[in-house]
Structure formats: structure tokens, C-alpha cells
Amino acid sequence: MIFTARQAIGARVRGQVLVAHDGFSARYDLDRIRGTFSRPSHKLAGQSYVGKILVLDTAKGGVATAWMLHEMASRGIVPLALVLNSVNPILVQGAAFGGVTLLAGFDGDITAQVPHGATVEIDPASRSLRVL
Amino acid sequence: MRLNDLERAMLGGELGAAVKSAIEHQVMVGDFFGAADFVPVTQAHIMADTESLGEAGVAWLESIAKSEGRVRVPTITDPRGTDFAKAGVLKHPEWIVELERRAVEAFKKLGVLTTDTCINYQTIQAPARGESVAFGDTGVVIYANSVCGARSNYEGGPSAVAAGLTGRTPRYGFHLEECRRATLRVRVAFEPRTLNDWGALGGLIGRLAGNYWAVPYVEGLEGSAGSDALKHFGAAMASFGSIALYHLAGITPEAAEADGSRLKVLHRIGEADVKALQSAYAGEEEIDVVVFSAPQLSLYELRSLAALCDGRRFARPLLAVTSPQVKPDADRLGLTKKIEDAGGHVLSGMCFYQSYAREIAEANGWKRLATNSVKLVNILGGYGYVPLLASMERCVEAAEKGRLPK
């Protein structure tokens with residue numbers, strides 16, 4: 001299965017996905033010390049995001065993610081990539097600043113199409129996500 | 001992106017390494033969103049608490065300050081991660097205070113005005129209609145776009161720094177006329193009375209709208225409730241939905257041209273909906289701390305709070321957070337004294353959730369936190385708190401009795 005995004009940024013990566021039809025905000029949703037989702041109502045609560053490709057619905061919350069991706073990357077406690085149905089400027093600015101791969105905008109709901117736990121390869125140059 | 005001579009010079013490094021790096025970042029973001037060119041901005045506002053920056057972000061700020069980068073337009077800061085005068089009250093350890101000091105020093109070298117406020121539209125300078133700005137802090141952006149009719153996207157810290165250094169930002173999103181039209185129509189059959197009513201209504205609309213590109217057109221609110229009400233309304237909407245612009249029929253400046261009446265009414269909100277959101281944050285009665293913050297309190301909010309505190313004696317800590325511009329007036333006018341005589345604290349230049357909320361909770365043993373801020377209750381669950389939402393009056397009573405009154 002190959003999915004093509006409308007927007008992409010970052011480097012080619014390969015890894016395991018965590019999938020949920022939830023939003024994403026580094027401040028609201030993450031315990032950035034432990035590297036886990038910490039917002040009790042988030043479907044990925046308690047799971048480690050470190051080194052994972054997160055397939056989620058949309059950007060939520062505030063502007064802190066723009067700094068926090070960079071900060072988490074500096075400690076090696078960062079998602080490998082973010083894949084979202086839609087993004088706000090903060091996620092894009094944060095991905096650009098923090099060097100995190102980002103894909104956004106698909107035909108259909110990407111969270112309903114990529115199997116949770118699958119291994120995928122993301123190539124921003126071709127704006128593609130391939131399920132391996 | 002199409003660049004003019006000055007922008008090409010920036011990109012070529014002719015204006016220094018910091019400006020080159022800034023415009024490279026902006027071009028990357030602009031290309032992502034298909035921006036045709038840049039739009040000049042009159043001011044920038046940087047969210048930069050050190051909980052978000054960490055050591056890595058502060059070191060980056062120091063590096064651009066050292067490379068002699070200087071902002072080209074008035075550039076100000078959002079709340080810091082501590083109140084230097086009251087770090088002891090929060091039990092902030094020295095490493096937090098020191099990291100904050102380093103960030104402040106770097107900002108000063110960059111020529112940034114460290115205003116440390118998220119209510120700059122009430123205290124520094126509200127942008128005028130049509131003015132293009134580069135604002136950080138979602139509450140600031142939604143207020144500037146919606147209430148002032150100015151034009152800004154969410155500019156995260158690194159992008160707001162870049163906008164300050166280059167004096168421009170990529171022209172996409174809410175800088176474009178077509179993105180400012182209403183995309184969903186909401187009819188409200190409810191009259192908000194308290195600030196937390198306004199926040200709950202904003203939160204509901206944000207949740208319904210769902211993403212950054214949605215622009216709610218809201219009918220049914222009779223007359224403007226004023227700046228503080230719309231501050232809480234917008235901050236909660238932005239927090240729940242990542243919304244940057246709304247229109248209130250007959251109230252906000254671009255509502256008529258937003259053309260919301262062409263849309264079907266897809267959502268209706270009544271009192272039961274508002275109460276349901278509020279009751280989702282009403283699970284406990286015992287409380288550990290009361291916090292008024294997010295956004296920082298205006299002088300009028302502090303006036304109301306001081307009147308409620310007058311003559312009481314608190315059994316639990318009560319923190320009221322305001323801007324460094326409001327605090328001296330609150331001191332001079334005796335408002336701080338009334339709050340602090342009751343056992344509360346008036347803090348300045350920080351905002352609770354931007355000030356190492358997890359570390360504060362652990363150091364002070366705080367878990368059950370009462371507030372009238374819908375934005376704050378939406379954020380703090382992820383920090384390990386049990387957030388409780390109530391009116392300012394009930395929160396003050398809770399500080400006195402140790403439990404929220406029924």
C-alpha cells in the first residue's frame with residue numbers, strides 16, 4: 001500500500017507506526033521526560049512515542065510544539081516522523097526547526113488506512129508513505 | 001517563493017548569518033504551504049518559555065544573539081517560565097531560574113523587548129484592522145485576527161524569532177483574504193454570564209470546528225461582552241480546536257464580509273452543551289490549589305478578584321497571574337495587597353502552564369487544581385493534574401474552604 005500526501009518536509013525514514021484518530025500537541029499530549037503520551041483521554045495514553053512514526057488526525061493546542069520537537073530531538077526522545085490528515089503552521093514550523101519528517105493531507109482519512117503497528121517507509125521527496 | 005531584492009540579499013547572507021538562517025526557515029515553511037511571497041509585518045511576538053525551549057532552544061537563541069542577529073521590527077515576548085521575584089513561591093529550582101535568565105539575556109541581545117505577556121492586545125499595542133503581524137501564543141493570534149481584524153498565522157517561537165529578524169513572514173493562511181471566510185456556521189442559544197461560561201462556549205466551538213483552517217461564524221450572541229470575555233472565549237477555542245479566527249455576527253469587524261450566512265447552520269449550542277463541558281471538569285470537591293491564569297489577568301479581572309478576596313483567609317494557595325505591565329498598577333491601586341492579605345499570590349510575567357507545571361505539581365504536592373480558565377483545564381490533564389473548572393467566585397471560596405462549594 002502506498003499513500004501520497006499533498007505536503008511533505010524532512011528526510012526519508014522507516015519505522016513502526018502508532019495510529020489513532022486523535023490530535024497532536026507536544027505540550028498537551030506528551031510526557032516529554034518519560035517519552036510517553038500522557039494526556040489521559042488520548043487513545044495512545046501510556047505508550048512510548050520515541051522513535052515511532054505517529055499517524056494522527058490533526059494538530060491541536062498551542063504553539064509550544066514548534067520548540068518542543070527540537071528540544072526532544074536534542075535528547076533523542078522524539079517521534080521519528082509525523083503523518084497527519086491536516087496540520088497547522090506550528091507542526092510545520094516545528095518539523096522544519098527540529099528536523100522531524102512530516103507528511104500531511106491525504107485522500108481519505110489516513111488514520112483509517114494505515115494499520116496500527118505496521119512498518120512503513122516515508123519519502124518526503126515523493127510525498128509518499130509505503131506500508132512494508 | 002517569489003523574493004524581492006532585499007529578501008534575496010537576506011538569503012544570500014548579505015545581512016548576516018542569523019538573518020540568512022531565519023529566512024531559510026521561513027522559505028521552507030512558506031514552500032510547504034505554497035506561499036507566493038512574503039508579507040511585511042509590523043510586529044512579532046515570541047512564545048519562548050524555557051520549558052518549551054529546553055537547553056537546546058536556549059543555546060540556539062544564544063547562538064543567534066552571538067552572531068549579532070538583531071530584530072528589524074518591534075518584537076516582544078510571551079510569558080516566561082518563572083516569575084523571578086516569586087520563584088520560591090512556586091518552588092522553582094535554581095536550574096529553571098538560570099535557564100530563564102539565559103533566555104532573557106539572549107533576547108535582550110537580539111533587541112527583543114521582554115514584555116513577557118500573552119495579553120499584549122490589552123497591555124502593549126493592539127494591532128489595527130488589516131495589519132499584518134507575526135504573533136505567537138494561540139490566544140494572542142485568535143484575538144488579533146478575530147477581534148482586531150489583524151492578520152496573523154500561529155507563529156511558533158522559532159518562526160516568530162525569524163519574523164522579527166527579517167521583518168516579514170510567508171504569505172499564506174490568515175494573511176490571505178480567501179482563508180478568512182467563514183467555513184462553518186454555529187448558532188448559539190445561550191447567554192454566557194461568567195468568564196468560564198465564555199471559555200466553555202469557546203471550547204465547544206473549537207472542538208466542533210476541529211482544525212486550524214476552520215473559521216467559525218457564530219450567531220446568537222447579543223452585543224459584545226468586552227475584551228476579557230472575548231479573551232477567554234478565543235483562548236479556549238484556540239486551545240480546543242487550534243482555531244485562529246472566528247467571526248461573531250454583528251460584533252467582530254470582519255463578520256459581515258466573512259459571508260457566514262451563506263452556510264447551513266450545522267451546529268447549535270445551548271446551555272446544556274455548555275454545562276456538559278463544564279461538568280466534565282467537576283469531578284472532585286477537595287482542592288490543592290487555585291490558579292487564575294491562561295490568559296494572564298487584566299487589571300479588571302484583578303479588580304474583581306481583589307474584591308472577592310477582601311477580608312478572607314485562604315486555607316489553600318491561590319495564585320493570580322498577570323502581565324508585568326498590569327502588575328505595577330495592581331500594586332499601586334492596592335489590588336495585590338487585598339489578594340495577598342488573604343494569603344494569595346499575585347505573580348507576574350509568567351503563565352501557569354508555561355512555567356514547568358509538572359515540576360510545580362511535584363514540588364508542591366498539587367494535583368487537584370481549581371480555575372476559571374477553560375484553556376487551563378484543557379491543558380493540565382497531560383501534566384498530571386486533576387483540573388477543576390468553576391467561576392472566579394467559587395474558586396475563591398474553594399481557596400478559603402479547601403473544597404469547591406456545590
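Read along the sequence, chain A of this predicted model follows the pattern β-β-β-α-β-β-β-α-β-α-β-β-β, which amounts to three helices and 10 strands. The radius of gyration of chain A is 13 Å, close to the 14 Å that the globule rule gives for its 132 residues, so chain A is as compact as a globular protein of that length. Along the principal axes, the C-alpha trace of chain A spans about 35 × 25 × 25 Å, and 57% of the 132 residues count as buried. Among the contacts in chain A that join residues at least 6 apart in sequence, 73% link residues at least 24 apart.

Chain B has 17 helices and 14 strands. Its radius of gyration of 21 Å is close to the 22 Å that the globule rule gives for 406 residues, so chain B, too, is as compact as a globular protein of its length. The C-alpha atoms of chain B fill a box of roughly 65 × 55 × 35 Å, taken along the principal axes. Of the 406 residues of chain B, 58% count as buried, and of the contacts between residues at least 6 apart in sequence, 79% join residues at least 24 apart.

Within chain B, helix α7, which runs over residues 138–148, illustrates burial along a whole element: 11 of its 11 residues are buried, so α7(B) is largely enclosed by the rest of the structure. The buried residues of α7(B) include Val140(B), Val141(B) and Ile142(B), but also Thr138(B), Asn145(B) and Ser146(B). What do the buried residues of α7(B) pack against? Their partners are the helices α6 (120–123) and α10 (227–241) together with the strands β2 (44–46), β4 (134–135), β8 (247–248) and β10 (289–297), which belong to chain B. Just after α7(B), the backbone at Gly149(B) takes a positive phi of about 75 degrees.

A second helix of chain B to follow is α2, residues 17–32, whose axis comes within 9 Å of the axis of helix α8, residues 157–166, with a crossing angle of roughly 120 degrees. That angle lies outside the 65 to 115 degrees counted as roughly perpendicular and is not over 145, so α2(B) and α8(B) are classed as oblique to each other. The crossing in which α2(B) passes α8(B) is left-handed. On the α2(B) side the contact is made by Ala18(B), Val19(B), Ala22(B), Ile23(B), His25(B), Gln26(B) and Val29(B), and these meet Pro158(B), Ser159(B), Val161(B), Ala162(B), Leu165(B) and Thr166(B) in α8(B). By class, the residues of this contact divide into nine nonpolar, four polar and no charged. The recurrence of contact positions along a helix can be read against a general rule: an α-helix has 3.6 residues a turn, so residues three or four places apart point the same way.

One residue of that contact deserves a look of its own. Gln26(B) sits in helix α2 of chain B; is it buried or exposed? Gln26(B) has 29 other C-beta atoms within 10 Å, and because 20 or more suffice for burial, it counts as buried. Leaving aside residues up to four places away in sequence, Gln26(B) touches Ser159(B), Ala162(B) and Thr166(B), and also Thr169(B) and Pro170(B). The C-alpha atoms of Gln26(B) and Ser159(B) are separated by 6.9 Å, although the two residues are 133 residues apart along the chain.

The remaining topic is how the two chains meet. In the interface, 29 residues of chain B are in contact with 32 residues of chain A. On the side of chain B that touches chain A, the helices α2, α3 (50–66) and α8 each supply at least two residues, and the largest share, five residues, comes from α3(B). The residues of this side of chain B divide into 11 nonpolar, 17 polar and one charged.

Across the interface, helix α2 of chain A, residues 65–75, packs with α3(B) at an angle of about 55 degrees, with the axes 8 Å apart. α2(A) and α3(B) are therefore oblique to each other, and their crossing is left-handed. Here Trp67(A), Met68(A), His70(A), Glu71(A) and Ser74(A) meet Ser52(B), Leu53(B), Gly54(B), Ala56(B) and Gly57(B). By class, this contact comprises four nonpolar, five polar and one charged residues.

Key:
Residues numbered from 1 in each chain as written. Chains lettered and ligands numbered in written order. Predicted model: local features only at pLDDT ≥ 70, side-chain atom pairs only at ≥ 80, totals over all residues. Helix = DSSP H or I, 4+ residues; strand = E, 2+ residues; numbered from the N terminus. Rg over C-alpha atoms; globule rule 2.2 N^0.38 Å. Buried ≥ 20, exposed ≤ 12 C-beta atoms within 10 Å, placed from the backbone. Contact = placed C-beta atoms within 7 Å. Axes fitted to C-alpha atoms, helices over the stretch in contact; angles between N-to-C directions. Parallel < 35°, antiparallel > 145°, perpendicular 65-115°, else oblique. Left-handed = near helix turned anticlockwise from the far one by under 90°. Nonpolar A, V, L, I, M, F, W, Y, C, P; charged D, E, K, R; others polar.
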